[in-house]
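Student: I have a model open and would like to understand the words people use for it. Could you take me through them?

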Amino acid sequence: MGDHKEQPLRVGAAVRRRRRSLELTLAVVAERSGLSVPFLSQIENDRARPSTSSLEKVADALRTTAVELLAAADPACSVDVVRAEVTEPAPGPEPRSRSLVRGHHQMHASEFTGDHDAGREFQYRNDQLMYVADGAVEIEAEGRAYRLGRGDTLYLTGGVRHRWRATVPDTRVVVVAVAEHIEAVRDRDRGRKR
């Protein structure tokens, strides 16, 4: 009860992602599909559900298929439960990771248990938050070292190069980030993200 079940799909985000990946304007897609710009905008913003025929026209204009657009669509539910894995822990200090969010959403979250390649450098396009659920980590970011313990968080803005390593066995780190497919826009007047 309460788990994610088959829900209607929101195809608008998939249409927008595909259009932007091809660097097309709504006007170009409208011309290719024979549909109006306002109707395409409503589809992309999930304010209109396209008929099968309209979705096929949009897919043709985007050089894909309706099936591919539906496969890339987001579920229309606002609540999704991801259950903890019920498995025996791997013997030894084998690192593990699991996604805490299913599907293609605006936010991504992962849980890392144990250590990982401490020499690997990360740089994400968008902001992220690291939360130490158990254990301790050392994080190097922008030339500075940070030691975090249980309950500590570190916020990194997009573009910050960093690396981290667990300093205690069975450390668990939760990383929450704005998904890579989301383009964070800076407010030019204030220099802040909107």
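Tutor: Happily; we will go through the helices, the cores and the sheet in turn. This is a predicted model, where local features need pLDDT of at least 70 and side-chain atom pairs count only at pLDDT 80 or more, while totals for chains, interfaces and linings use all residues. Residues are numbered from 1 along each chain as its sequence is written, and side-chain values use heavy atoms, with hydrogens and water left out.

Student: Why is α2 called roughly perpendicular to α3?

Tutor: Their axes, lines fitted to C-alpha atoms over the stretch in contact, come within 9 Å and cross at roughly 110°. Angles between N-to-C directions run from 0 to 180 degrees, and 65 to 115 counts as roughly perpendicular, so α2 and α3 earn that name.

Student: Which residues of α2 and α3 meet?

Tutor: Contact means heavy atoms within 4.5 Å. Leu26, Ala27, Val29, Ala30 and Ser33 of α2 meet Val37, Leu40, Ser41 and Glu44 of α3.

Student: What makes a set of residues a nonpolar core?

Tutor: The members are buried (under 20% relative accessible area, with a 1.4 Å probe and protein chains only). They are Ala, Val, Leu, Ile, Met, Phe, Trp, Tyr or Cys, joined through side-chain atoms within 4.5 Å. The largest such core here has 17 residues, and Val11, Val15, Leu40, Val58 and Leu69 touch the most other members. Helices α2, α3, α4 and α5 each give two or more residues to this core, with the largest share, four residues, coming from α4. Apart from it lies another core of 13 residues, including Met130 and Val175.

Student: How do you know that β7 and β8 pair?

Tutor: Pairing takes at least two DSSP bridges between two strands, and six join β7 (residues 136-141) to β8 (residues 144-149), which run antiparallel. Strands are DSSP runs of E with at least two residues, and helices are H or I runs of at least four, numbered from the N terminus. Two residues separate β7 from β8 in a hairpin, and Glu142 in the turn has a positive phi of about 50°.

Student: Why are β5 and β8 at the edges?

Tutor: The open sheet has the order β5-β10-β7-β8, with antiparallel pairing. Each of β5 and β8 has a single partner strand, so one side of each is left without a neighbour in the sheet.

How values were computed
Buried < 20%, exposed > 50% of the residue type's maximum accessible area, 1.4 Å probe, protein only. Parallel < 35°, antiparallel > 145°, perpendicular 65-115°, else oblique.
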